[in-house]
Amino acid sequence: MRGERAATAELGTGHDIRHLIHCPPSWDHYLLDAPSNGEERFVLAGEIPLRHPLFNDGSGHFHDHQLTTEAIREIGEFVGHQYFGVPARRRGLFYRFSLELTDLTAWRVESRPARMTTDIRATPANAVHGVPRGLDFHLSVQIDDVPCATGSAALVFVPPVLHRSHQEHSSWAVRATPELADEPDGPTWPVSAAAVGRAAPQNVVISEPTESSRGQLSTWVLSRADHPVLGSGGGPHVSGTLLLESLRQSSLLAASRAFGLAPDRSTLVATDIHVSGYADTDLPLRCAVVPGQLGRDAAGRPAVPVTLTLTQHRRAVAEARTTVVQDF
């Protein structure tokens, strides 16, 4: 017999409602009103949104895989506080995320509404006195009951004092080394929305790139302070959603400029991201992009591996490897 608890949350900007269902392997902890110290399982289910200001902006050929990323980012902290006894004052910060699309056909947009279901296994990491310092997540995604992606994520919980200290040190370290300043040589202009698989100019988050003799692209991440999804909410650091979208757009741009893949018919079938620091909203943020060799996936579709590095004042903020596939 499997017990279930259900919680409903409005994710993103309120354009979709998904149900988070807790499926505990045992009710022992809850009968004793004690937090879990082992693996817990959840199901996150709901219809894929139709009017999201970012994730529904584009050619409409693919569902945006960042729906999965965003959902896990939003429930991760809640799961730690609610089910693993992490103090509410400790903030959850994701530092690693990977996703692989295993059935690309399921991600194609159909004329009817689609339902996404994500099976989630959450495991405590580095417990001290029974309270985990982090959580590891393992994901399995289905669209309309078709298994179509697997992934993982890692979250660390930071006490308020340590979190504030890290923020202050990060900002101080950047400003204390003006000799490492890295800024655009002149005005930056956003690429066209079509070049990065979007339709609305306000959703473009990277500038026109410069290109080296070896094919590497260098672009700048554009601030979207007032954007309902990409904005920082008035905070001093660039939002996680903006970082992920900049990596997505840079990957599509690199595959298009290097090998002619059509951005409106391309998507990231593999994403592996490691975040290593904060990015300040008031300092330039560079994205260095290196496309690999053009190849083919198992179905014969053009595929391009891409390596990306986000830096601020020559300090690494995030590193990623992606694979872009074109599908007609």
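How many helices and strands make up the secondary structure of the protein chain? The count comes to 4 helices and 14 strands. Keep in mind that this is a predicted model. The chain has 328 residues, and 48% of them count as buried.

**The chain as a whole**
- Take the contacts between residues at least 6 apart in sequence: 66% of them join residues at least 24 apart.
- The protein chain leaves about 15,700 Å² exposed, and 50% of that area is supplied by carbon and sulfur atoms.

**The nonpolar core**
- The largest nonpolar core holds 73 residues.
- Within this core, the residues that touch the most other members are Val79, Trp107, Ile120, Phe137, Ile143 and Leu310.
- Helix 4 gives this core its largest share, namely 8 residues.

**A look at Ile120**
- Ile120 is one of those core residues with the most partners, and if you set aside its neighbours within four places in sequence, its contacts include Phe137, also on that list.
- The rest of Ile120's contacts outside that stretch are Glu40, Arg41, Phe42, Leu44, Ile72, Ile75, His138 and Leu139.

**Helix 4 up close**
- Helix 4 runs over residues 240-259, which makes 20 residues.
- At 1.5 Å a residue, helix 4 should span 28 Å, and its end C-alpha atoms sit 29 Å apart, so the two values agree.
- Most of helix 4 is covered, with 15 of its 20 residues buried.
- Right after helix 4 comes Gly260, which has a positive phi, near 80°.

Notes. Residues are numbered from 1 along each chain as its sequence is written. This is a predicted model: local features need pLDDT of at least 70, side-chain atom pairs count only at pLDDT 80 or more; totals for chains, interfaces and linings use all residues. Side-chain values use heavy atoms; hydrogens and water are left out. Helices (H or I, at least four residues) and strands (E, at least two) are DSSP runs, numbered from the N terminus. The expected span of a helix is 1.5 Å times one less than its number of residues. Buried means under 20% relative accessible area, exposed over 50%, partly exposed in between (1.4 Å probe, protein chains only). Contact means heavy atoms within 4.5 Å. Accessible areas come from the Shrake-Rupley method with a 1.4 Å probe; for residues, only the protein chains shown count as cover. A nonpolar core is a set of buried Ala, Val, Leu, Ile, Met, Phe, Trp, Tyr and Cys residues joined through side-chain atoms within 4.5 Å.
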